[in-house]
Amino acid sequence: MADAATIPRKISPSAAVAVRLTMALAALVLLLMMVLGLAMRLAQSNWVDLAPDLFYQVMTAHGVGMVGAAGLAGAAIMWFFLNRYVELRVGVYYLFLAFFLVGVMLILGGTFLGGFAGAWTFLFPLPAMSGGVWNPGASLAFFIGLLCVGVGFLVLYLDAGLGIVSRYGSLARALGWPQLFAGSQQEAPSPTVVASTVVLIVNTLSIVAGAIILVISSVNLYVPAFGIDALLAKNLIYFFGHVFINTTIYMAVIAVYEIIPAYTGRAWKSNKVFLAGWTATLLLVLAVYPHHLFQDMVMPAWMLVMGQILSYVAGIPVIVVTTYALLVYLHRSGIRWDLASALLVLGIFGWVAGIIPAIIDGTISVNKVMHNTLWVPGHFHFYLLLGMVAIAFGFSIWLAQGEKPAQSFVPVQKIAFLGYLIGGLGLVATFLYAGMISVPRRWAVHLPEWVAQDQLGSIFAAVAVLATAMIVLNYLVRVARAK
Amino acid sequence: MQDAVGIITLVLVTLLAIVFLMVLRRASAPAVAGATADPGRFRAPLFWLLVVVGIGVSYGTLVEWPYGPGPATSGEPMTVTVTGSIWSWEINPTKLPVGKPIVFAVTSSDVNHGFGIYDPDLKMLTQVQAMPGYINKVYYTFSKAGNYKIVCLEYCGLGHHVMAADLTVGP
């Protein structure tokens with residue numbers, strides 16, 4: 001049995017290059033997807049003319065591109081730090097990247113060449129019934145593209161699982177269960193190992209669920225009699241989507257666990273509270289997905305009730321474990337701020353703040369009047385743009401400055417950070433306000449009564465895009481110079 | 001409902017921001033020598049506060065089953081059948097009585113749609129998913145006469161944003 005010591009090892013040079021390349025790719029994709037998002041806001045503001053069919057293609061690309069980029073960046077972060085504790089194969093990582101890139105080509109082709117505009121949620125049977133707007137081939141390209149990306153992730157997680165089990169003996173040990181439940185006095189695995197183990201379990205399940213509905217949907221395109229109950233399809237899709245997007249945050253937060261200690265001089269401990277929080281999250285993230293199905297009352301009542309109650313419970317580990325610990329570690333730590341640490345801490349604020357409107361919308365009686373309004377993009381942009389993506393950028397900048405705290409936080413970086421914060425908060429606030437006034441989500445054209453606040457949202461979105469461009473440029477220039 | 005939700009969100013997010021700022025203000029300061037207070041002392045009270053609030057809200061919002069006809073209704077609700085299709089609504093009847101409980105039995109002939117009822121001020125009153133192969137029911141009692149708008153709330157393709165209909169509510 002391998003020992004569970006947590007002395008980190010140095011990542012190999014080829015692995016370090018692979019991750020830097022990935023973060024460059026992810027940063028560019030994120031920036032491009034933000035431009036698409038801005039285009040949507042500008043169209044709804046009547047400041048840019050975007051034909052509805054193109055709007056919905058842009059919307060589809062923005063959604064799938066953001067989810068994909070978040071997954072890519074998160075996976076790179078997880079893989080980078082997990083390398084410190086277990087044996088991982090660089091060849092497998094490049095295979096993951098290759099699958100990802102092939103998938104992206106197919107998805108982009110299906111969307112912008114084939115005209116597929118089924119949204120990233122590809123809700124069955126919409127891809128097969130576009131009302132004549134796109135051909136089955138476009139949907140098929142999109143589906144196969146997603147399947148490719150999924151296979152890439154599965155391969156990466158399999159390798160991670162092999163590495164973890166080789167070192168720790170079992171997934172249960174890697175989760176710290178002997179320490180949590182059996183009173184073991186041996187040191188628990190590092191936070192990175194615990195979080196990675198949770199991710200590889202839940203995301204394997206989510207990707208398999210996604211693959212099932214993708215394959216059925218693909219066949220259904222050409223053989224309509226080969227179908228699936230629409231409610232079961234919806235369950236599979238939302239289980240896949242919910243878990244997948246949540247794991248992008250779980251993978252990213254590993255960067256916080258690993259990097260903040262370098263600034264505070266205080267190690268991030270996998271104590272019992274930490275282990276309990278992550279074991280709870282393992283179960284909660286899987287069981288909470290029915291909160292996407294509150295307007296389908298044909299669902300079993302117990303699942304809808306479970307969806308509401310667990311939405312509230314799922315907030316507890318974020319608040320009481322990760323956020324609380326971060327604030328304790330930061331308090332009187334003597335930290336000297338730089339762009340990397342500022343973004344990492346912003347990311348935790350964005351995550352925990354973003355779950356507030358999410359959890360409130362996870363109340364059935366609230367959901368009745370807010371589901372599928374812009375309240376929904378409001379809350380997920382909060383914990384993605386200001387949460388996960390802020391952490392990803394923080395990690396990138398930390399890589400670019402030599403994997404250590406910078407000497408200073410120069411004015412141009414402060415401007416970029418403030419722009420990101422203000423642009424992001426404004427974007428989120430206008431979405432949430434729009435949800436309050438019942439503006440539906442996913443509408444290419446808004447009613448005149450809604451346009452003024454759309455325009456305000458566009459201004460904030462533009463600020464966020466500019467700030468992001470500054471941060472991405474900062475990363476690319478410094479990484480290129482460091483080579 | 002929507003206003004209350006917005007205000008609660010604003011208050012809680014602001015409170016959280018204040019907590020963060022209070023800690024961040026003291027982040028760069030050195031540790032106090034000889035400080036003995038356990039930094040984890042707020043964790044358990046915070047946890048129990050969240051649990052108590054969670055139980056309270058869960059009970060308060062579920063004790064009256066949110067999918068039911070509601071407490072103040074008497075008699076059989078009037079049924080309105082709704083079928084969503086790409087990209088239009090078939091609603092029968094479209095002239096409805098004010099003050100009487102109504103149940104909308106909603107389905108779809110093709111893809112998922114979202115049946116959303118908006119009042120004359122464009123505020124959402126209720127909604128339900130329109131699914132192929134299923135009938136989803138939503139109960140509503142109109143308290144005011146007027147012209148109400150039906151919009152689609154589940155993305156269904158090119159005509160999603162123009163898939164609308166009108167309801168007239170009168171005495």
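**View 1. Strands β5 and β6 of chain B run antiparallel, joined by 6 bridges.** This is a predicted model, and here we're looking at a strand pair in chain B, with β5(B) covering residues 113-118. To find your way around, start at His113(B): its bridge partner in β6(B) is Ala130(B).

**View 2. The hairpin of β5(B) and β6(B) has 5 residues between the strands.** Look for Leu122(B) in this hairpin, where the residue takes a positive phi near 65 degrees.

**View 3. Strand β6 of chain B is largely enclosed by the rest of the structure.** Why say that? Of the 7 residues in β6(B), which spans residues 124-130, 5 are buried, so the strand has the rest of the structure largely closed around it.

**View 4. Chain B meets chain A through 63 of its residues, and chain A brings 62 to the contact.** On the chain B side, the elements giving two or more residues are α1 (2-25), α2 (43-62), β5, β6 and β7 (136-141). So you'll meet the hairpin strands β5(B) and β6(B) again here. The largest share, 12 residues, comes from α1(B). Sort the chain B side by residue type and you get 37 nonpolar, 19 polar and 7 charged.

**View 5. Chain A, the partner, has 15 helices and 0 strands.** Its radius of gyration is 22 Å, close to the 23 Å that the globule rule gives for 483 residues, so chain A is as compact as a globular protein of that length. Its C-alpha atoms fill a box of roughly 60 × 50 × 45 Å along the principal axes. Buried residues make up 60% of the chain. Among contacts in chain A between residues at least 6 apart in sequence, 84% link residues at least 24 apart.

Definitions and conventions. Residues are numbered from 1 along each chain as its sequence is written. Chains are lettered from A and ligands numbered from 1 in the order in which they are written. This is a predicted model: local features need pLDDT of at least 70, side-chain atom pairs count only at pLDDT 80 or more; totals for chains, interfaces and linings use all residues. A residue is buried if 20 or more other C-beta atoms lie within 10 Å of its own, exposed if 12 or fewer, and partly exposed in between; C-beta atoms are placed from the backbone. Helices (H or I, at least four residues) and strands (E, at least two) are DSSP runs, numbered from the N terminus. Two strands pair if DSSP finds at least two bridges between them. Two residues are in contact if their C-beta atoms, placed from the backbone, lie within 7 Å. Ala, Val, Leu, Ile, Met, Phe, Trp, Tyr, Cys and Pro count as nonpolar, Asp, Glu, Lys and Arg as charged, and the others, Gly among them, as polar. The radius of gyration is taken over C-alpha atoms; the globule rule is 2.2 Å times the number of residues to the power 0.38.
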